Amino acid sequence: MRFGILGDTRAWHDDGTEVALGGPARRALLALLLVRPGAVVPAERLAEEIEPGGAVTAHALQSQVSRLRAALPAGVAIERSGSGYRLVIHPDAPDASDAVDAVRFERAAAEGRAALRDGDPRRAAAVLREALGLWRGPALAGLPDSETARTAAVRLEELRLAAVEDRIEAELSAGEHRAAVPELRALVDAHPLRERPAALLIRALFAQGGQAEALLVFEETRRRLADELGADPSPELSRLHRELLDSGGLPAPAGPPAPLTAFIGRDAETAELAALLGTARLVCLTGPGGVGKTRLSAEVARGLQDAGDEICFVELAALPDGSGLAQALLAALGLRGSGLQLAEGPLEPVDRLVTALAARPLLLVLDNCEHLVDEAAALVARLLSACPRLRVLATSREPLGVIGEHVRQVRPLDPAAAVRLFEDRARAVRPGPAPDPATVRRICAALDGLPLAVELVAARLRTLELDELAGRVGDLLAVTARGSRTADARHRTLRSVVAWSWDLLTADEQRAARRFAVFTGGATAQAALRVCGMDGDTLESLVDKSLIEAAGGGRHRMLETVRAYAAERLGEAGEEEPTGRRHAEHLLGVLDEAAPHLLRAAQLAWLPRTAAEDGDLAAATHRALAAHDPGTALRLLAAAATSLWIRGAAAPLAPRAAAVLDALGTTPPDGLGEEYAVCVLLAAAGPPPADGTEPPWRRCRDSAQRALDEAWSGERAGRRPAALLVWMLRNAGEPDPGAAFALVSAQHAAPEPWARAAAAFVAGYGPLAEGDIEGAERAFTEAVDGFRALGDRWGTALALDALAGLAGVRGDHGAAVALTDRALAHARELGALEDSADLLVNRGDHHIARDPARARADYTEAAALARAGGSSAGLAAALRGLGDLALLDGDLDEASRRYGEALDRIDPLWVRNLGNRVCCLAGLGRVAEARGDATTARARYREAAASVAGLGPGLADTLRLMGLPAGTVDAVLHAHPPAR
C-alpha cells in the first residue's frame with residue numbers, strides 16, 4: 001500500500017491500482033493523518049480542519065472515519081487513541097512509514113544532501129532527482145485552508161525548494177552548468193529575495209564564461225535586498241562576488257602577514273576588538289614599541305577575514321614621510337595608479353581611493369602610523385566621511401585624534417602569558433625539558449612582559465644557560481626595573497634589550513645586521529649576502545637570534561624596532577654611504593636583469609619580481625638624493641621605469657623623479673640622456689606643484705626630446721624602448737605633439753623589434769586623422785602582429801583596442817567585439833581595472849543595438865570594475881551606457897538619473913572624458929525631447945555641440961565617431977549655434 005500527499009491526496013494498492021477514497025472530506029481526513037504517520041491527531045482538530053469554520057460533529061467525524069476505514073485495504077488501520085485518531089500502516093513492517101511519499105522524499109533528500117557534503121555530486125544529483133520525482137504537484141493540494149494543512153504544506157514546499165537547490169548544486173559540481181541556467185533563472189524570478197538560487201545562478205553563468213551576466217545577477221540581487229529588506233547580501237554571497245571579481249582581474253588586497261610563531265596570551269583582547277569593530281568605524285591600538293600592536297592587529301584582521309570580512313593590511317613603517325601615504329594604500333589594495341594609456345586624468349590618489357572604497361565593505365588596517373600621524377589622521381578622516389562602509393584599525397604610539405576614534409591601549413602580556421611566550425620561543429631554540437618556571441617569571445617581570453623583549457631574550461638560550469641569562473638581564477635592566485612602568489620606561493626597556501642582544505653578537509654578525517638595515521622592504525638571501533658581505537651561516541645565526549626573520553617567499557626582513565636600532569649603528573660605523581652604494585648597485589642589477597623580459601613573453605613572471613623591490617627602490621633613490629648623488633637616483637628610476645609603467649605604479653616615484661630633475665637642471669648628465677628623458681616621463685606622472693609653479697618636467701622636456709632623438713637616431717638603439725611609446729602617450733595631448741609622434745614613427749627600421757611595433761602603432765594615427773580608415777587599420781594590424789610575436793600584453797592591448805575602434809566606425813560590430821575581447825583578456829592579465837572597464841563599456845556600445853541584455857551585463861561589470869579600481873571616468877562611462885539602455889527601454893526617469901550621475905563624475909577639462917560628456921548631454925536632450933520639452937532639449941544639444949566644436953575634421957564626423965545615433969547627431973547639429 002502506498003500513499004501520496006506530494007500533490008493531491010491519493011492512495012494505491014501494491015499492484016499500482018488506485019484506491020477509491022471518496023469525497024473531499026475523506027481525502028482531507030486521510031491527508032491530515034498522513035502528515036505525521038502514526039501520530040495521534042485530536043478529534044477536535046480533525047473536525048475543525050476537515051471543514052474550517054463548519055459544524056462537523058463528533059458523530060459526523062466518526063462516520064467519515066468509518067467510511068475511510070472501509071475504503072482502505074486490509075493491513076491499514078485507523079485506530080482510536082484517547083481523544084483522537086491515528087493511521088497505522090502495516091504495523092508489522094519496520095519501515096511502514098515509507099509507504100508515504102513525503103516520508104520517502106525527506107529521507108532521500110537528506111541522503112542526497114549528505115552525498116553532496118561528502119563530495120559525491122553525481123550520486124547526490126541522482127538521489128535528489130529520484131526524490132523530486134515523487135512530487136506530482138503542490139503539497140497537500142485540494143485540502144481546505146486549515147492551519148495544520150497550511151503549516152505542513154509550507155514545510156514540505158520549503159524542503160522541496162531546498163532539494164531542488166541541492167540537486168542543482170550537485171549538477172554544477174559535476175560540470176552540468178549549461179542545463180541549469182534556465183531553471184535557475186526561473187527560480188530567481190520566483191524567489192527574488194532568496195539568495196541561494198542567485199548564488200547558484202552566478203556560479204552557473206560564470207562556469208560558461210558569462211562573468212558579466214553573473215555580476216549583473218549579483219547587482220540585481222543586492223539591489224532587491226537593499227530596496228525590499230534594507231539588508232546587505234549575506235557573507236557567503238559577498239564572498240562569491242569577490243571571487244567572481246578576483247577571477248576577472250580584480251586584485252586581492254594585501255592580507256595580514258602570515259604568523260611565523262604561535263600567538264600567545266591575547267585571546268580576550270582579540271575577541272573584544274573583533275566585537276568592537278562590528279560597530280566602531282575607527283579603532284586605534286596604542287602603546288610603546290615592541291608591545292605587540294602589529295601582531296594583535298594582524299590576528300584580529302585574520303579572524304575577521306576567516307569570518308568573511310574583506311581585509312586590507314597596509315604596512316607603513318617603511319614610508320619615509322607622509323607624501324606617499326595615499327599611494328601606499330592604493331598599492332596595498334592592488335590598484336594601479338594609471339591605466340595602460342598612462343593617462344591618470346584629474347584624479348589625485350586620495351580621490352581614486354574614495355572612488356574605490358565608496359561602496360566597498362572593507363576593514364583597512366594601517367600599521368605603524370606614529371611617524372605619519374598627521375597625514376594618516378587627515379586621510380582616515382577623509383575616507384571615513386566619504387566611504388560609509390569602510391572601517392579602519394590603526395596602530396600607533398599615539399592616537400590619531402580623529403572624531404569617533406576608539407582608542408585601546410595595548411598593554412604588556414600578563415605574567416602567565418609572558419611565561420608561556422618565553423617557554424614557546426625557548427623550545428624553538430633549545431628542545432628539551434621546560435626551563436625553571438620561577439626563573440622564567442623573574443626574567444619576564446624584568447622585561448615588563450614586552451613580547452619583543454621576551455622573544456629576543458628567549459632566543460639567547462641557544463648559547464646561554466637560563467641562570468646566566470637571568471643574571472645578565474637582571475644586571476642590564478636594574479635601572480629600568482625601579483620606579484613606574486610608564487610607556488616611556490617600557491620604551492627604554494625595549495631599547496635596552498635590543499642593545500643587550502646586539503652586544504652579544506659577534507663582530508661579523510653586528511656588521512651584517514647593521515648593513516641589513518638598508519633593506520626597507522626585505523631582501524632575498526642572495527641580496528643579503530651580496531649587499532651585507534655576510535655568509536649563509538651568519539644570516540642563519542641572525543635568524544636564530546630573532547634579529548632577522550624569514551618573511552616567506554624566500555625573503556627576510558627586520559622588525560622595524562630592530563631595523564631602526566641597526567640603522568643608527570650603521571651611521572655610527574660610517575658605513576651608511578658605502579652600504580647604500582652596494583644596495584643601489586644590487587637593485588640596478590636586479591632591474592637590468594628583468595629589463596629584457598618585461599616586453600616579452602615572460603612579462604607576467606617578471607613583473608612581480610620587480611614589484612617586490614618597490615620599497616627598496618624608493619629608499620635607495622631617497623638615500624642617493626640625500627647623499628647629493630642624483631646620477632645614481634637617475635639610473636635607478638630609469639631601470640625601474642618599464643615595470644612601473646606596465647604596472648601603473650609610476651605615480652609614487654614621481655616626487656623622487658622631480659627631485660632628481662631639480663638637482664640636475666635642464667642638462668642631462670653625460671651618457672645618461674635617455675635615462676634623463678625617462679626621469680622626465682616619471683616626473684610627469686605626478687600631480688602638479690601645489691604652489692602653482694611650473695613642474696620641473698616641463699622645464700626639462702625639450703632637453704629630454706633631444707636626448708631621445710639622439711639615443712634612437714638612425715640605426716642606433718636606445719636602452720629603454722618603452723620610453724618611446726610613453727613619450728608619445730604623454731605628449732599626445734600637448735598643443736604640438738608632432739615631435740613626439742615623429743620620434744616614434746621614425747623607428748620603423750629600428751633594430752629593436754618592440755620599438756618597430758611601437759612605431760607601427762603610432763603611425764596608424766596619421767591616416768586616421770585624415771579619415772584613411774584602411775591605412776590606419778594596416779598600421780594597427782602591423783603593431784598587433786609585432787607586439788603579439790614578442791608576447792607583450794601591454795602594446796598588444798593598446799593596438800587591439802585601436803583596431804576595435806576602427807571596426808566600430810566601419811559598422812562591423814561583430815569584429816569590434818572580437819577584438820575588444822582579445823584586448824580585454826590582456827588588460828585583465830595586467831590587472832588594469834581602468835582599462836578593463838573602458839573596454840567593457842566599448843563592448844557594451846557595440847552590443848547595444850543588437851543585444852541589449854549583453855550590453856547591460858557589460859556596462860554593469862564595467863561599473864563594478866571601475867568602482868573597484870577607483871576610476872571615476874570609467875564609472876561615468878558605464879553609467880552613461882546604462883543611461884543609454886534606459887532610454888532605449890523608454891524609462892526616461894532612469895535614463896535621466898544615470899546621465900546625471902555620469903556627468904557628476906566627469907571632469908569637462910580632461911579630454912578622455914569628452915566623448916562621454918557629449919553622449920550624456922545629448923542623451924539628456926533626447927530625454928527632454930521625449931517628454932515634449934523642446935527648450936531643454938535644444939539647450940542640452942547646444943551644450944553637447946559646444947563641447948566638441950573645433951575638434952576633428954568636422955563637427956558631424958566627430959559626433960559620429962563618438963557613436964551618437966544619426967538622429968541625435970542631426971539634432972545636435974541643428975541646435976548648434978552658428979560660428980561667430
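**Exercise 1. Two helices crossing**

In this predicted model, work out how helix α11 packs against helix α12: what is the angle, and how far apart are the axes?

*Solution.* Start with the geometry: α11 (residues 267–276) and α12 (residues 293–306) pack at about 60 degrees, and their axes are 9 Å apart. Next, classify the pair. Angles of 65 to 115 degrees would count as roughly perpendicular, and those under 35 degrees as roughly parallel, so α11 ends up oblique to α12. Then get the hand: the α11 and α12 crossing is right-handed. Finally, list who meets whom. From α11 come E269, T270, L273 and A274, and on the α12 side they meet L296, V300 and L304.

**Exercise 2. A small sheet and its helix**

Find the strand order of the open three-stranded sheet, then say which strands stand at the edges.

*Solution.* The order reads β3-β5-β4, with antiparallel pairing. Now count partners: β3 (41–42) and β4 (76–81) each have a single partner strand, so each is an edge strand with one side lacking a neighbour in the sheet. Zoom in on β3 and β5 (residues 84–89), which pair over two bridges. In β5, Y85 is the bridge partner of V41. Last, look for what packs on the sheet: helix α1 (residues 24–34) touches β3, β4 and β5, and its direction is at about 75 degrees to that of β5.

**Exercise 3. Into the cores**

Trace the largest nonpolar core: how many residues does it have, and which helix gives the most to it?

*Solution.* This core has 162 residues, and those with the most contacts inside it include W645, F761 and W794. Helix α29 (residues 630–647) gives the most, with eleven residues. There's also a second, separate core of 73 residues, with L273, V457, A513 and A528 among its members. Of those, L273 also turns up on the α11 side of the helix pair from the opening exercise, while A513 is one of the buried residues in α22. Helix α22 (residues 507–516) is mostly covered, with seven of its ten residues buried.

**Exercise 4. One alanine up close**

Is A783 buried or exposed, and which residues does A783 contact beyond its sequence neighbours?

*Solution.* Place A783 in its element: it sits in helix α37 (residues 773–790). Its relative accessibility is 0%, and the cut-off is under 20%, so A783 counts as buried. Leaving out neighbours within four places in sequence, A783 contacts A757, A760, F761 and A799. Check this from the other end: the list for F761 includes A783 and A799, along with L725 and F787. For a distance check, the C-alpha atoms of A783 and A763 are 9.3 Å apart, with their positions 20 residues apart along the chain.

How values were computed: Residues are numbered from 1 along each chain as its sequence is written. This is a predicted model: local features need pLDDT of at least 70, side-chain atom pairs count only at pLDDT 80 or more; totals for chains, interfaces and linings use all residues. Side-chain values use heavy atoms; hydrogens and water are left out. Buried means under 20% relative accessible area, exposed over 50%, partly exposed in between (1.4 Å probe, protein chains only). Helices (H or I, at least four residues) and strands (E, at least two) are DSSP runs, numbered from the N terminus. A nonpolar core is a set of buried Ala, Val, Leu, Ile, Met, Phe, Trp, Tyr and Cys residues joined through side-chain atoms within 4.5 Å. Contact means heavy atoms within 4.5 Å. Two strands pair if DSSP finds at least two bridges between them. Axes are lines fitted to C-alpha atoms, for helices over the stretch in contact, and angles run from 0 to 180 degrees between N-to-C directions. Angles under 35 degrees count as roughly parallel, over 145 as roughly antiparallel, 65 to 115 as roughly perpendicular and the rest as oblique. A crossing is left-handed if the near helix is turned anticlockwise from the far one by less than a right angle, and right-handed if clockwise.
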